[in-house]
Amino acid sequence: MKSFLTSSLLTVTALLADERQPEFYLREEIPMPEGEVLELGSIAIMPDKKVAVSSRRGDIWVCEGAYEADPSQVKWTLYARGLHEPLGMFYKDGSLYTTSRPEITRMTDTDGDGRADQFETVTQFWGINGDYHEYNFGSDPDKDGNIWVVHCLTGSARASEKSPWRGWCFRYGLDGTALPTCPGIRSPGGIGFSENGDAFYTDNQGLWNGSSSLKWLKPGGFMGNPSGNIYAPILDLDAPPEPESDSRITTEREKDPRIIPPAVIFPHGKVGQSPTAVLYDSTGGKFGPFQGQVLVGEQTFSQVQRVYLEKVNGLYQGAVWNFLEDFRCGIVPARMGEDATLFIGGTNRGWAARGGKNFTFERVRWTGKTPFEMHEMHAKKDGFVITFTQPLDERTASDPSSYSAEAWTYVYKKEYGSPEVDKATPVIEKATLSPDRKSVHLQVSGRVQGHVHHFNLGGVKSANGDPLWHPDVYYTLNEIPE
Amino acid sequence: MKHFLALPFLATTLLAAHPGETIYQTLCAACHGPDGKGVGEGANKFPPLYESDWVKGNPRRMIQVVLGGLQGPVTVNDKDYNLLMPPHGGSMTDQQIADVVSYVRTHLGNKGKEVTLALVKEERAKADNPVMPNMWTADKLLKKYPLGGVKKPPINDLLSYIHHGPFRSLADLRASEATNVEEEKGGLISLTQADKKDAFGLVWEGWLEVPKDGTYEFAYDTDDGGAITINGKEVITRDRTGPFGKPSIKKVPLKKGRAEIKVEYFEFAGKQAISLMWNGPGVKDVALSVGAKKQKAPAPEILLTPPAGEALIYRNFISGTDPRAIGVGYAEGVNLAFSADSMSVDMIWTGKFIDAGRHWTARGQGSQPPAGNNVVTLSRGPAFALLESQTEPWPSADKNSLKRKFQGYHLNKAQQPTFNYRMGEVAISDQPLPGETAAQLTRTLTLEVPASAAGSDALYFRALSGGAITASSEREFTFGKIKVAVPESNHPPFIRANELLIPVPLTEGTHTIQLTYTWN
């Protein structure tokens, strides 16, 4: 019961408006065009400081002035109407590309009147059968020029024979080529890349997903939900794994190494409830000290989480922290623009969210003041090394009682979600401060491979005596380094 | 902002508070609201738990909703909702469910009792619980655990009087004497209470318990006729012989307490039917006759109208065509649906374009039919095929030897699309345009046959199918509500069974087919 009370207290804290956030990050709303309902599905950065947004209703609008000091003076221009729920958009060589429900489309304004007049279908390789859950999230082009698309299951629960490739990730070339990449997808909320170009997507708690998570789309890997396996024969592909239900993912992946465990689990209710957009901080330090880290949108709680990823024994794993919150609506798209401006799009239609608005377009900028935060978290042979954004107070940081830990995992099963199971209490044996006082080596006994390891650093102070802005971290320990 | 203000209070009282409260604020409040009053508005509103009739009474009902989830329409405190509650049986422990159900039943304006862990365990073990991906529907769950306590009869002290006679009017009925009188303890009126199929009448008398002062709506439908009298005043009069299907609806102000009701009904000959419902404060579409059902509440209308001088595109699920539908509404008052699955203009219609309400509220389930009139399905399935002979049956999409590839569309200044696609190696552009009169569409198909595709095979365009076609001249046809003319094509069209085919020479170069569709 103890751990439950601790985490509940934290969650309620997260419900409150974060009073400290404005010190570090300035969140501002950008007004939408009058009379329009722009429930945002994607955001694209265009030349000349323009920003394009797509709406779930299927419209594309272009915003000018989104970077200006006063965002209330923006000018909106209608670019296109009538697309079918576009959830993914980028700009390339004079065109906007969208991934929508039926297809990938290249849209071009050939006569220069500001409005697209040419809509070229790049591909409509996959099936749709009329079910509202058969949506698709599409990425930007990768280093080979391919768009990664995750196809949500039919009704988020099964794979209709009429609509092949639900529950799969494909890479599509701009010439229309289709490359089957990963089976095992359930209900994605967004897709993007890490700094080194690997693709990740968020998948939501549900069938075969004990909790929501960030998953690595390792080509050839299996993402966990076998519903879409039925389509493999269409392209003569090897039969994907058929995991056993009521197991653990660590057990199942031992039987079939094609099963890729979630890189970072977002414990349900503790780190949001519906993760969405995936992007990384590409600002070179202009958005605070988190260059290269992954940012993940959150729809239900209207937040942005921060993720540190590392690769151990060939698999990704890492840590997640609550980061930004108090957005006015549930976040679906997020995009790093120029000038280290993070753009956020919101919608709560059909899926409720905090914030009070039905749809929103917001931007966030770093104030230049660095919060006292955990920076990175590395798994080690005997524990973890946590680095910090500011030097630590020696006394509190080297005292093991400044830290508390708990660990658990989820049942890997065909039913919806999972409670936290196999609870363990790792013990912090020793906390050793680095000479520069910016990192601490925790020697931890009782860690469990495959478990989420939650650490609360409530007792750790900075050299200035400040507590951490976010004292909780959740590390998914898929592999323990040698 | 209001609920944020309330939260510091929560935080300070947290440790002393109910163990279910933190679970509620974490897992439930995003949809049901921190105060239990439900987040959102309109079709996007989540049901309240505050003073909820679903929370009241038998706690097994609420435990089942938490365990198994609930989807589809649900009525809570007389209001309709249609969003989805995900199942939590897999992610919450029995203790957590007991805690949160107990919290909700004793807080948020509810005055129920806490539930035990044992009760949750008992409910979880039930064999007829839905198995994912299925969830509960309100109908199924309410059959097991109905709302409210003891069921009162809808009409109290109900008496039925049978009349015999060839009644064609209320006057005929009222001039006759009852042959029989019965007490109807179920409190529902029904034609099974008559002893004849034709030439009879029924009169019922009883009283309604009006829960609150307010305006109540009565909906009465009959075959043949009848009347409703409330507190001595005739409020609905259906003094006619005629069919069922258009209920008379009347609003009546009533005071809390007892309201006398008299229902008159007569059947002359042929079919017979009756339906009576009432609705108002504290009364949610309650049937007063056996089997009466309320009309399903439609999604709010969001009628799309093309701007002056422009066409408007709507890509979504449109009934009567394939999932990859492209609806086009023209300012001139004609509309079409193109299927980017089969490369075919499947449907055309006049008047209103389309109601986006279904797709643009809540989660947007289902397909929406055209909003306008005179809907004509021109043809479904592939529009082009190679045939060995003129008698070879038209192939289905997956049997068609011509591989189809949708290439998109381009818009002219008036936003009117020209669709581009390939059938095999033949590149086709298909430009529909509004005609010169209000009820006309023209269509120009331009086919580019490359040298590599040229040959002796015969390519056909199927212009119409699925209905009777009559020729009024070599190039003019009647097809249901429209006349179809083919002013231009290399070869004249021909009719076979319910199909109109146009042969296209598979010779290198450009070939054109022009059609006009004119509504009668």
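**Exercise 1. Find the handedness and angle with which α3(B) and α5(B) cross.**

In this predicted model, α3(B) passes α5(B) in a right-handed crossing.

Step 1. Locate the helices: α3 of chain B covers residues 59–68, and α5 of chain B covers residues 117–124.

Step 2. Recall what to look for. Two packed helices are described by the angle between their axes and the distance between the axes.

Step 3. Apply that here: the two axes come within 10 Å and cross at roughly 60°.

Step 4. Classify the angle. Values from 65 to 115 degrees count as roughly perpendicular and those under 35 as roughly parallel, and α3(B) and α5(B) are therefore oblique to each other.

Step 5. List the residues that touch. From α3(B) come Pro59(B), Arg60(B), Ile63(B), Gln64(B) and Leu67(B), while α5(B) brings Leu119(B), Val120(B), Glu123(B) and Arg124(B). By class, this contact holds five nonpolar residues, one polar residue and three charged ones.

**Exercise 2. Describe how chain B meets chain A.**

Step 1. Start with the count: 47 residues of chain B are in contact with 47 residues of chain A.

Step 2. Look for the elements on the chain B side. Those giving two or more residues are α1 (2–13), α2 (19–32), β14 (312–315) and β21 (404–411) of chain B.

Step 3. Sort the chain B side by class, and you get 28 nonpolar, 16 polar and three charged residues.

Step 4. Now take β21(B), which pairs with β9 of chain A (residues 118–123) in the antiparallel sense over three bridges. One residue pair to find in your viewer is Gln118(A) with its bridge partner His410(B).

**Exercise 3. Trace the strands of chain A that lead to β9(A).**

Step 1. Begin at β7(A), residues 95–99, which pairs antiparallel with β8(A), residues 104–108, over five bridges. Leu96(A) stands opposite Met107(A) here.

Step 2. Follow the chain between them: a hairpin of four residues joins β7(A) to β8(A).

Step 3. Move on to β9(A), which runs antiparallel to β8(A) and is joined to it by five bridges. Thr105(A) has Thr121(A) as its bridge partner in this pairing.

Step 4. Put this beside Exercise 2: β9(A) pairs with β8(A) and also with β21(B).

**Exercise 4. Work out the strand order of the open sheet in chain B that contains β14(B).**

Step 1. Read the order across the five strands: β14-β15-β16-β17-β19, with antiparallel pairing.

Step 2. Identify the edges. They are β14 and β19 (373–377) of chain B, each pairing on one side only.

Step 3. Check the twist, which averages 20° from one strand to the next.

Step 4. Zoom in on one edge: β14(B) and β15(B), residues 325–329, pair over four antiparallel bridges, with Tyr314(B) opposite Gly327(B).

**Exercise 5. Lay out the domains of each chain.**

Step 1. Divide chain A into domain 1 (2–366) and domain 2 (374–476). Their C-alpha centres lie 28 Å apart.

Step 2. Examine where these two domains touch: 35 residues of domain 1 and 29 residues of domain 2 of chain A take part. On the domain 1 side, β21(A) gives the most, with six residues. That side divides into 17 nonpolar, 13 polar and five charged residues.

Step 3. Turn to chain B, which is assigned domain 1 (2–144), domain 2 (156–287) and domain 3 (303–519). The C-alpha centres of domain 1 and domain 3 of chain B are 50 Å apart.

How values were computed:
Residues numbered from 1 in each chain as written. Chains lettered and ligands numbered in written order. Predicted model: local features only at pLDDT ≥ 70, side-chain atom pairs only at ≥ 80, totals over all residues. Domains from an automatic or database assignment. Contact = placed C-beta atoms within 7 Å. Nonpolar A, V, L, I, M, F, W, Y, C, P; charged D, E, K, R; others polar. Pairing = 2+ DSSP bridges. Axes fitted to C-alpha atoms, helices over the stretch in contact; angles between N-to-C directions. Parallel < 35°, antiparallel > 145°, perpendicular 65-115°, else oblique. Left-handed = near helix turned anticlockwise from the far one by under 90°.
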